[in-house]
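Subject: Structure handover

Hi,

Here is the structure I promised to pass on. Have a look at it first, and then read my notes underneath.

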Amino acid sequence: MLSAKYILDPNELNVDGLDLCLFRTFVAFAVSALIIKISPGVTFSVPRSQWKILLLRSFIGTVGFTCYVYAIKNIPMGLTMILFNTAPFWASIMSWVFLRE
């Protein structure tokens, strides 16, 4: 049985980062597919004109999540959480620099 120590500290599990990404992605996909299947009138369709942007977003999200998991595995949890939770700050700085918002 897993204790709270193993749930709170992924470094103690001795699990590869890509295995963790695959498991989390599979669970998210399964839950999403179940919600779509049981919801009446909900369909999932993307126009062909938006496939490229969807694939680009998926690739960027995959790279970002993989980097996040490796950060959790390789640097202290406190520092990882600080960096992760400052993302809105960095997004606003980057939008000001690149988009002139």
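Before I get to the loops, a word on helices: here they are DSSP runs of H or I with at least four residues, numbered from the N terminus. With that in hand, Asp16 is easy to place, in the loop between helix 1 (4-8) and helix 2. Please keep in mind that this is a predicted model.

**The overall picture**

The protein has five helices and zero strands, so reading from the N terminus you get α-α-α-α-α, with helices being DSSP runs numbered from that end. It has 101 residues, and 11% of them count as buried. About 8,800 Å² is exposed, with carbon and sulfur atoms supplying 72% of that area. As for contacts with a separation of 6 or more, 56% are between residues 24 or more positions apart.

**Helix 3 and the core**

Which residues make up the largest nonpolar core? There are five in all: Cys21, Phe65, Tyr68, Val69 and Ile72. Helix 3 gives the most to this core, with four residues. As general background, nonpolar side chains tend to be buried together in soluble globular proteins.

Helix 3 itself has 24 residues. From its first C-alpha to its last it reaches 34 Å, close to the 34 Å expected at 1.5 Å a residue. Its buried residues are Phe65, Thr66, Tyr68, Val69, Ile72 and Lys73. Another bit of background may help when you look along that list: an α-helix has 3.6 residues a turn, so residues three or four places apart point the same way.

Thr66 is worth a click. It lies in helix 3 and is buried, because its relative accessible area is 18% and the cut-off for buried is under 20%. Setting aside neighbours within four places in sequence, Thr66 is in contact with Leu18 and Cys21.

Back to Asp16 for a moment. How far apart are the C-alpha atoms of Asp16 and Val69? They are separated by 9.4 Å, although the two residues are 53 apart along the chain. Asp16 counts as partly exposed, at 39% relative accessibility.

**Helix 4**

Thr80 has its place in helix 4. Is Thr80 buried or exposed? At 3% relative accessibility, Thr80 counts as buried. Leaving out neighbours within four places in sequence, Thr80 is in contact with Tyr68, Ala71, Ile72 and Ile75. Two of the names there, Tyr68 and Ile72, also belong to the core described above.

**Aromatic rings**

How many aromatic pairs does the structure hold? It holds two. One is formed by Tyr68 and Phe84, with 4.6 Å centre to centre and 35° between the planes, which makes the pair tilted. This pair links distant parts of the chain: Tyr68 is in helix 3 (residues 51-74) and Phe84 is in helix 4 (residues 77-85), 16 residues apart. Phe84 counts as partly exposed, at 44% relative accessibility.

The other pair, Phe89 and Trp90, is edge-to-face, with 5.1 Å centre to centre and 70° between the planes. Phe89 is partly exposed, with a relative accessible area of 46%, and Trp90 counts as partly exposed as well, at 47%.

There is also a charge to look at by a ring: Arg48 lies over the face of Trp51, at 4.7 Å from the ring centre.

**Helix 2 and the C-terminal end**

Ala33 lies in helix 2 (residues 17-38) and is partly exposed, with a relative accessible area of 34%. Ala33 and Phe44 are eleven residues apart in sequence, and their C-alpha atoms are 9.8 Å apart in space.

Helix 5 has 13 residues, which should span 18 Å at 1.5 Å a residue; its end C-alpha atoms are 17 Å apart, which agrees. What follows helix 5? That is Arg100, in the segment after helix 5 (87-99). Arg100 has a positive phi of about 60° although it is not a glycine. Arg100 is also exposed, with a relative accessible area of 68%.

If you only have a minute, I'd start with Tyr68: it belongs to the largest nonpolar core, pairs with Phe84 and is in contact with Thr80.

Cheers

Key: Residues numbered from 1 in each chain as written. Predicted model: local features only at pLDDT ≥ 70, side-chain atom pairs only at ≥ 80, totals over all residues. Heavy atoms only, no water. Phe/Tyr/Trp six-rings, centres within 6.5 Å; stacked < 30°, edge-to-face > 60°. Helix = DSSP H or I, 4+ residues; strand = E, 2+ residues; numbered from the N terminus. Buried < 20%, exposed > 50% of the residue type's maximum accessible area, 1.4 Å probe, protein only. Lys NZ or Arg CZ within 6 Å of the ring centre and 35° of its normal. Core = buried A, V, L, I, M, F, W, Y, C linked by side-chain atoms within 4.5 Å. Expected span 1.5 Å × (residues − 1). Contact = heavy atoms within 4.5 Å. Areas by Shrake-Rupley, 256 points an atom, 1.4 Å probe, with all protein chains shown as cover.
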